[in-house]
Amino acid sequence: MTDLRTHAAEIADQFSDHLDVSADEVEERLESLVSEYRVPVDEARRSVVNSYLDEAGIERDELAGGAGGNEQTLLNDIDEDEKWVDVRAKVVELWEPRSESVAQVGLLGDDSGRMKFIAFTTSELPELEEGKSYALGNVVTDEYQGNFSVKLNRTTSITELDEEIEVGDDSTSVEGALVDIQSGSGLIKRCPEEGCTRVLQNGRCSEHGSVEGEFDLRIKAVVDDGEEVHEVIFNREMTEELTGIELDEAKQMAMDALDTTIVEEEMRGDLVGFYYRVTGPTLGRYVLANEVERLREPADAEELLIKARSM
């Protein structure tokens, strides 16, 4: 069976309770996107699924997920989007949700590593507790820019475990000069749609189109340790700690200047050229900063940046 046929059969099976759709029809739509429009297979599948969701008038977590027949999966083995799996994991950390549509968001961990999870308010699931271990049945995988996560939905079963799941140490410590702050840093807007955290570009989400975004802070930094460069992401909490600029202050700065890029430039002037020690988990090519420490006086930032770009 070809990859497209496999995807088509899975999609048709997912919508079997909601639409009269055949695997042949789904495969034809996938083939059109992939062959005629050169859309990557994963993106073509996502587009077709979204169109059927709209046609059926249902939410993604109402799809058939194969409850009871899922594969028990280690977090680090998850490498496919929109796959229904069972996991046994410990709640390593909980974060404050940015949207009322999100009930819980945080990090799960098992002996293979850590992964972000999200649970939606509409799913009405019992809350997970930080530090406790659970068997989670029928969760669905998600992928964005090479980073995988899992979503808990209304069909997810949650069983607290008597045992404690050991969490593998996948944290990385990077020590070096912060040589650049990439575009998309500072005061940004994220898509407000349920489960979507994509950063808006010119007021548009790559998946949901034009939306009224929600403000957030982040820094996408490049740290040079003398041998290689590392891409580091600081979330809102870490950005506020590192810069001393809180979200409300950043919004006021942008309002006064009538320009959101003023926040990024302010951060760039304060941070670039200084040496830092950053520690946190690695997701894809990024180090997610959980701890940061400034080490010593600034170096020649321009010289370091030239060196980093030549690697």
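This is a short walk through one protein chain, given as a talk at a group meeting.

Hi everyone, and thanks for having me. One thing to keep in mind from the start: what you see above is a predicted model.

Let's begin with the overall picture. The protein chain contains seven helices and 16 strands. It has 311 residues, and 45% of them count as buried. If we take contacts between residues at least 6 apart in sequence, 60% of those join residues at least 24 apart.

Now to the inside. Which residues have the most contacts within the largest nonpolar core? They are Ile219, Phe234, Met267, Leu271 and Tyr276, in a core of 27 residues. Several elements give two or more residues to this core: the strands β8 (171–181), β12 (214–224), β13 (229–234) and β14 (275–283), together with the helices α4 (236–243), α5 (247–257) and α6 (261–271).

Have a look at Tyr276 on your screen. Leaving out residues up to four places away in sequence, Tyr276 touches a list of residues that includes Val174, Leu178, Leu242, Leu271 and Val292. Arg294 is also one of the residues that Tyr276 touches. That same name comes up again in another place: arginine 294 lies over the face of phenylalanine 274, at 3.7 Å from the ring centre.

Next, let me pick out one helix from that core, α5. Which residues of α5 are buried? They are Leu247, Ala250, Met253 and Ala254. Viewed down the axis of α5, these buried residues fall within an arc of 120°, so they line one face of the helix. Here is the background for that: an α-helix has 3.6 residues a turn, so residues three or four places apart point the same way. On the face of α5 turned away from the buried side, we find the exposed residues Asp248, Met255 and Asp256. And what covers the buried residues of α5? The cover includes β9 (186–190), β12, α4 and α6.

Just after α5, leucine 258 takes a positive phi of about 55°. Why mention that? Most residues other than glycine have a negative phi. Two asparagines deserve a look for the same kind of reason. Asparagine 138 has a positive phi of about 65°, although it is not a glycine, and asparagine 202 has a positive phi of about 55°. Are these two buried or exposed? Asparagine 138 lies in strand β5, and with a relative accessibility of 3% it counts as buried. Asparagine 202 is in the loop between β9 and β10 (204–205), and at 83% relative accessibility it counts as exposed.

Let's move to the aromatic rings. How many aromatic pairs does a search of the whole structure find? It finds one. The partners are phenylalanine 15 and tyrosine 52, and their pair is tilted, with 5.4 Å from centre to centre and 55° between the planes. Phenylalanine 15 sits in the loop between α1 (3–14) and α2 (23–36), while tyrosine 52 belongs to helix α3 (residues 41–56), so the pair ties together parts that are 37 residues apart in sequence. Both phenylalanine 15 and tyrosine 52 are buried. Tyrosine 52 has another partner too: arginine 29 lies over the face of its ring, at 4.7 Å from the ring centre.

Loops can be buried as well, and I have two examples. Leucine 128 lies in the loop between β4 (113–120) and β5 (133–144). Its relative accessible area is 3%, so leucine 128 is buried, the cut-off being under 20%. Setting aside residues up to four places away in sequence, leucine 128 touches Val91, Leu94, Gln104, Phe117, Tyr134, Leu136, Leu152 and Ile158. Take Val91 from that list: the C-alpha atoms of leucine 128 and valine 91 are separated by 7.3 Å, with the two residues 37 apart along the chain.

The second example is threonine 73, in the loop between β1 (71–72) and β2 (84–95). At 11% relative accessibility, threonine 73 counts as buried. Beyond its neighbours within four places in sequence, threonine 73 is in contact with Ile78, Val85, Asp86, Val87 and Asp110.

Last, the cysteines. How many disulfides does a search of the whole structure find? Zero. Cysteine 191 is buried at 1% relative accessibility, and cysteine 205 is buried with a relative accessible area of 2%.

Thanks for listening!

Note on methods. Residues numbered from 1 in each chain as written. Predicted model: local features only at pLDDT ≥ 70, side-chain atom pairs only at ≥ 80, totals over all residues. Heavy atoms only, no water. Core = buried A, V, L, I, M, F, W, Y, C linked by side-chain atoms within 4.5 Å. Buried < 20%, exposed > 50% of the residue type's maximum accessible area, 1.4 Å probe, protein only. Helix = DSSP H or I, 4+ residues; strand = E, 2+ residues; numbered from the N terminus. Contact = heavy atoms within 4.5 Å. Disulfide = S-S within 2.5 Å. Phe/Tyr/Trp six-rings, centres within 6.5 Å; stacked < 30°, edge-to-face > 60°. Lys NZ or Arg CZ within 6 Å of the ring centre and 35° of its normal. Arc of directions from axis to C-beta.
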